[in-house]
Amino acid sequence: DVDEETYSQQSPEKTMQSIARALDRKKVDYLLAHIADPNHVDYWVDRYKVDFTQGSEEGKRLLAFERLVTETNLYYANDPLIIRDLRIFAKDAKWAEEGNSAVGTVESIPARKVYLRKIGERWFLENKQQ
């Protein structure tokens, strides 16, 4: 379930703080389920789901989601600077909002930006890494 009290997404600043909080608490599953761009998560779940040939559709989606959580945890473990940088963004980012998009920048990390997209009343982390 969405936990707006612990992981607020009412503004880019609060969403970034929620991202850092989820990572600090090792809640990558929550991050992917509720804070990350749903289109990105659905894309990977659909791709991984085809690897599971038995069981219900719901079961296949759950296994595919668990695989995405595992791979995301490995990604962060292999590059701990990403989490360090995200923590810095949670504290120091300046946000430029335009419509339903927001771009966060930090003076001390000029090569990195964080992108958020507003869907309804909540902001979500976009994956724009190449």
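The exercises below, each with a worked solution, concern a predicted model.

**Exercise 1. The sheet**

Determine the order in which the strands of the sheet are arranged, and identify which strands lie at its edges.

Solution. Begin with the overall arrangement: 4 strands make up an open sheet, and their order is β1-β2-β3-β4, with antiparallel pairing. Next, look for strands that pair on one side only, which are the edge strands β1 (94–98) and β4 (122–125). From one strand to the next, the twist averages 25°. As background, strands of a sheet pair through backbone hydrogen bonds, and the pairing may be parallel or antiparallel.

The two ends of the sheet can then be followed in more detail. At one end, β1 is joined by 5 bridges to strand β2 (residues 101–105), and the two run antiparallel; within this pair, Glu-97 has Ala-102 in β2 as its bridge partner. At the other end, strand β3 (residues 113–119) pairs with β4 over 4 bridges, also in the antiparallel sense, and here Ile-119 has Arg-122 in β4 as its bridge partner. The connection between β3 and β4 is a hairpin with 2 residues between the strands, and Gly-120 in the turn has a positive phi of about 65°.

**Exercise 2. Two helix pairs**

Classify the packing of α1 against α2 and of α4 against α5, and describe the residues that make each contact.

Solution. Take the α1 and α2 pair to start with. Helix α1 (residues 12–24) packs on helix α2 (residues 28–35) at an angle of about 150°, and their axes are 8 Å apart. Angles over 145 degrees count as roughly antiparallel, and α1 and α2 are therefore roughly antiparallel to each other. Their crossing is left-handed. On the α1 side the contact is made by Thr-15, Ser-18, Ile-19, Ala-22 and Leu-23, while α2 contributes Val-28, Leu-31 and Ile-35. Sorted by type, the residues of this contact comprise 6 nonpolar, 2 polar and no charged.

Now turn to the α4 and α5 pair. Helix α4 (residues 57–78) and helix α5 (residues 80–92) pack with their axes 4 Å apart, at an angle of about 90°. The range from 65 to 115 degrees counts as roughly perpendicular, so this description applies to α4 and α5. Tyr-75, Tyr-76, Ala-77 and Asn-78 of α4 meet Pro-80, Ile-82, Ile-83 and Leu-86 of α5, and the residues of this contact divide into 7 nonpolar, 1 polar and no charged.

**Exercise 3. A backbone angle in a loop**

Find where Lys-26 lies, state the sign of its phi, and decide whether Lys-26 is buried or exposed.

Solution. First place the residue: Lys-26 belongs to the loop between α1 and α2. Then consider the backbone, where Lys-26 has a positive phi of about 60° although it is not a glycine. For context, most residues other than glycine have a negative phi. Finally, the relative accessibility of Lys-26 is 71%, and because exposed means over 50%, Lys-26 counts as exposed.

**Exercise 4. Environments of three residues**

Decide for Ile-19, Asp-37 and Lys-49 whether each is buried or exposed, and list the contacts that each makes beyond its sequence neighbours.

Solution. The cut-off needed is that buried means under 20% relative accessible area.

- Ile-19 is found in helix α1, and its relative accessibility of 0% makes it buried. Leaving out residues up to four places away in sequence, Ile-19 touches Leu-31, Ile-35, Leu-116 and Leu-125. The C-alpha atoms of Ile-19 and Leu-86 are separated by 7.8 Å, although these residues are 67 residues apart along the chain.
- Asp-37 sits in the loop between α2 and α3, and with a relative accessible area of 10% it is buried. With residues up to four places away in sequence not counted, Asp-37 touches Arg-117, Phe-124, Leu-125 and Glu-126.
- Lys-49 is part of helix α3 (residues 38–49), and its relative accessible area of 18% classes it as buried. Apart from neighbours within four places in sequence, Lys-49 is in contact with Glu-57, Lys-60, Arg-61 and Ala-64.

Methods
Residues are numbered from 1 along each chain as its sequence is written. This is a predicted model: local features need pLDDT of at least 70, side-chain atom pairs count only at pLDDT 80 or more; totals for chains, interfaces and linings use all residues. Side-chain values use heavy atoms; hydrogens and water are left out. Two strands pair if DSSP finds at least two bridges between them. Axes are lines fitted to C-alpha atoms, for helices over the stretch in contact, and angles run from 0 to 180 degrees between N-to-C directions. Buried means under 20% relative accessible area, exposed over 50%, partly exposed in between (1.4 Å probe, protein chains only). Contact means heavy atoms within 4.5 Å. Angles under 35 degrees count as roughly parallel, over 145 as roughly antiparallel, 65 to 115 as roughly perpendicular and the rest as oblique. A crossing is left-handed if the near helix is turned anticlockwise from the far one by less than a right angle, and right-handed if clockwise. Ala, Val, Leu, Ile, Met, Phe, Trp, Tyr, Cys and Pro count as nonpolar, Asp, Glu, Lys and Arg as charged, and the others, Gly among them, as polar.
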